[in-house]
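Me: Could you go through a protein structure with me, slowly? I'm in my first year, so plain sentences would help.

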Amino acid sequence: MDGTESSAGQPGPAERSHRSSVSSVGARADLVVYLADDTMVPLAVENLPALSAHELHRTIREVLQLPDIAVDAFALWLVSPLLEVQLKPKHQPYKLGRQWPELLLRFTDAPDEDVAMDEPSLQFRRNVFFPKWRELQIRDEEVLRLLYEEAKGNVLSARYPCDIEDCEALGALVCRVQLGPYQPGQPAACTLREKLDSFLPAHLCKRGHGLFAALRGRGTKAGTGEQGLLNAYRGVKEVVGGDSEHEHPLSTHYRAYLFKCHELPFYGCAFFHGEIDKPAQSFLHRGGRKPVTLAISLEGVHVIDSREKHVLLGLRFQELSWDHTSLEEEEPVLWLEFDGESEGMPVNKLLKIYSKQAELMSGLIEYCIELNQAVEPATLQDSGSGPTSVPGSLPPPTQRPKLRRQGSVVCSRIQHLSTIDYVDNGKEIKRVKPKRTTSFFSRQLSMSQGSYSVVQPTDSLEQG
């Protein structure tokens with residue numbers, strides 16, 4: 001397996017079921033492929049050991065009767081509680097499954113007993129390299145439903161960190177899909193309370209217990225998330241006429257959900273596991289390490305606090321330089337370099353991410369940049385038609401907004417990072433020019449060719 005198109009990472013809680021995809025192997029093998037909503041697609045295939053992901057992908061599309069857009073929209077993944085890998089068309093899923101223990105030893109820190117017990121399942125999921133603008137052009141209801149189910153699972157499991165306002169808006173669309181249009185006078189509050197974890201992430205579903213809950217009436221009053229969900233559900237609008245009059249009503253709400261998810265910078269990303277240094281609390285006490293999730297897509301890289309479920313750092317590709325190191329005597333490291341400030345002075349900042357998946361992350365960043373450069377001319381030609389409108393209950397603005405709420409979970413928290421500021425001769429902070437003109441690394445996306453002057457370190461990346 002190589003790291004240019006494959007992507008690996010930590011699965012979300014909803015995917016941590018221990019299940020197998022192969023029940024028998026012979027001239028004709030029984031195979032199970034899982035969809036995003038955990039639906040099983042049983043298949044009987046010939047010559048499974050030699051079957052490629054491309055051939056299996058075609059078989060699944062035929063069974064599900066999916067249109068041609070599904071060729072690009074979905075990919076086959078091998079997924080387990082310890083690792084997930086998007087397969088290339090040329091990969092042979094059965095052979096990779098047999099090599100799974102080797103992949104775990106190479107790309108995870110799992111103990112030997114967990115490696116011995118782990119077994120991957122074959123899943124049909126969104127392709128990391130499928131651009132969001134093409135997703136909004138989809139009209140097939142089943143394709144939209146599969147994308148919606150996967151996005152919903154990532155929101156509910158908090159793999160996609162969301163502000164409470166966005167959780168309520170997304171949860172309201174799930175209510176519309178599962179419960180139908182809001183009907184005034186119906187006991188909607190009771191229905192939502194009973195199934196609250198089907199609409200909101202778990203941390204918004206917690207209710208008080210004990211004496212204080214009893215004094216408040218033992219939870220008879222809806223909680224903040226519950227009441228906000230009910231209000232948002234009331235506000236979901238139905239589409240009457242227009243371009244979507246021949247479209248199934250659910251398709252409109254599926255697309256509205258996806259469009260709302262597109263506001264999240266890590267939608268459609270591949271996720272990886274790593275650790276970063278915590279800021280030192282004092283001169284004598286080091287801060288230790290913080291577990292993080294790395295989210296990488298066609299648009300950039302985001303570092304997410306795995307425990308607090310908020311973004312620590314978000315960078316577009318033109319805002320960063322990167323490299324990875326994997327020395328035998330040291331842990332593999334992915335280095336991210338970006339512009340910042342130190343005491344009011346512009347500096348280069350280095351973030352050190354410890355991860356056995358550093359090689360995979362570096363390869364994925366490089367491949368995403370190559371894809372963007374390849375499709376950029378075609379995108380510029382198509383941009384004259386303006387932004388794609390999404391009919392439905394959430395009419396889009398003229399341009400996809402960036403979430404900039406104060407304290408939003410999707411805003412960077414650079415002050416929470418322990419970075420290495422670029423120094424000259426280990427003494428003084430070196431001023432840098434804007435737009436990544438100075439860098440330790442030659443691997444970067446240049447907005448204008450030849451504008452970068454790469455700075456070579458004299459000793460090591462941690463100099464000074």
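Reply: What follows is a chat about cysteines, helices, aromatic rings, a cavity and some backbone angles in this model, which is a predicted one.

Me: Let's start with cysteines. How many disulfides are there?

Reply: The count comes to 0 disulfides. As background, a disulfide is a covalent bond between the sulfur atoms of two cysteines.

Me: Why is C162 not bonded to C167?

Reply: The closest cysteine sulfur to that of C162 belongs to C167, and it lies 4.6 Å away, which is too far for a bond, because the cut-off for a disulfide is within 2.5 Å. C368 is in no disulfide either, since its nearest cysteine sulfur, that of C269, is 8.6 Å away.

Me: And is C162 buried or exposed? What about C368?

Reply: C162 counts as buried, with a relative accessibility of 10%, and C368 is buried as well, with a relative accessible area of 0%. Both follow from the cut-off, because buried means under 20% relative accessible area.

Me: OK, helices now. How many residues does α8 have, and how far does it reach?

Reply: Helix α8 covers residues 164–179, which makes 16 residues, and from its first C-alpha to its last it reaches 21 Å, close to the 22 Å expected at 1.5 Å a residue.

Me: How many of the residues of α8 are buried?

Reply: In α8, 12 of the 16 residues are buried, and the helix is mostly covered. Among the buried ones are C167, which came up earlier, and also D166, E168, L170 and R176. Just after α8 comes G180, which takes a positive phi of about 85°.

Me: And what about α7, how many residues are buried there?

Reply: Helix α7 has 12 of its 16 residues buried, so it is largely enclosed by the rest of the structure. Its reach from first C-alpha to last is 22 Å, close to the expected 22 Å. Its buried residues include Y148, E150 and N154.

Me: Switching topic: how many aromatic pairs does a search of the whole structure find?

Reply: The search finds 8 aromatic pairs. One of them joins Y148 and Y254, whose ring centres are 4.9 Å apart and whose planes meet at 35°, so the pair is tilted.

Me: Where do Y148 and Y254 lie?

Reply: Y148 lies in helix α7 (residues 141–156) and Y254 in helix α12 (residues 249–261), so the pair ties together parts that are 106 residues apart in sequence. Y148 is buried at 1% relative accessibility, and Y254 is buried too, with a relative accessible area of 5%.

Me: Which other residues form a tilted pair?

Reply: Y160 and F266 form a tilted pair, with 6.0 Å from centre to centre and 40° between the planes. Y160 is in the loop between α7 and α8, while F266 is in the loop between α12 and β8 (270–277), so this pair also ties together parts 106 residues apart in sequence. Both Y160 and F266 are buried, and together with Y267 and F271 they form one aromatic cluster.

Me: What about charges over rings, where does R125 lie?

Reply: R125 lies over the face of W77, at 4.4 Å from the ring centre. The charged end of R289 likewise sits over the ring of Y354, 3.5 Å from its centre.

Me: Any empty space inside? How many cavities of 30 Å³ or more are there?

Reply: There are 2 cavities of 30 Å³ or more, and the largest has a volume of about 80 Å³. Its lining includes several residues we have already met, among them W77, R125, E150, N154, Y160, C269 and F271. The elements that give two or more residues to this lining are β7 (121–126) and α7.

Me: Last one. Which residues other than glycine have a positive phi?

Reply: Among them are Q65, with a phi of about 55°, and A158, with a phi near 65°. In general, most residues other than glycine have a negative phi. Q65 lies in the loop between α1 (53–64) and α2 (70–73) and is exposed, with a relative accessible area of 69%, whereas A158 lies in the loop between α7 and α8 and is buried, at 12%.

Conventions. Residues are numbered from 1 along each chain as its sequence is written. This is a predicted model: local features need pLDDT of at least 70, side-chain atom pairs count only at pLDDT 80 or more; totals for chains, interfaces and linings use all residues. Side-chain values use heavy atoms; hydrogens and water are left out. Buried means under 20% relative accessible area, exposed over 50%, partly exposed in between (1.4 Å probe, protein chains only). Helices (H or I, at least four residues) and strands (E, at least two) are DSSP runs, numbered from the N terminus. The expected span of a helix is 1.5 Å times one less than its number of residues. Rings of Phe, Tyr and Trp (its six-membered ring) pair if their centres lie within 6.5 Å; planes under 30 degrees apart count as stacked, over 60 as edge-to-face and the rest as tilted. A charge sits over a ring if NZ of Lys or CZ of Arg is within 6 Å of the ring centre and within 35 degrees of the ring normal. On a 1 Å grid over the protein atoms alone, a cavity is a set of points where a 1.4 Å probe fits but cannot get out, and a pocket is an open set with protein on both sides within 12 Å along at least five of seven lines; lining residues have an atom within 4 Å of a point. Grid points are joined across faces, edges and corners, and a volume is the space filled by probe spheres set on the points.
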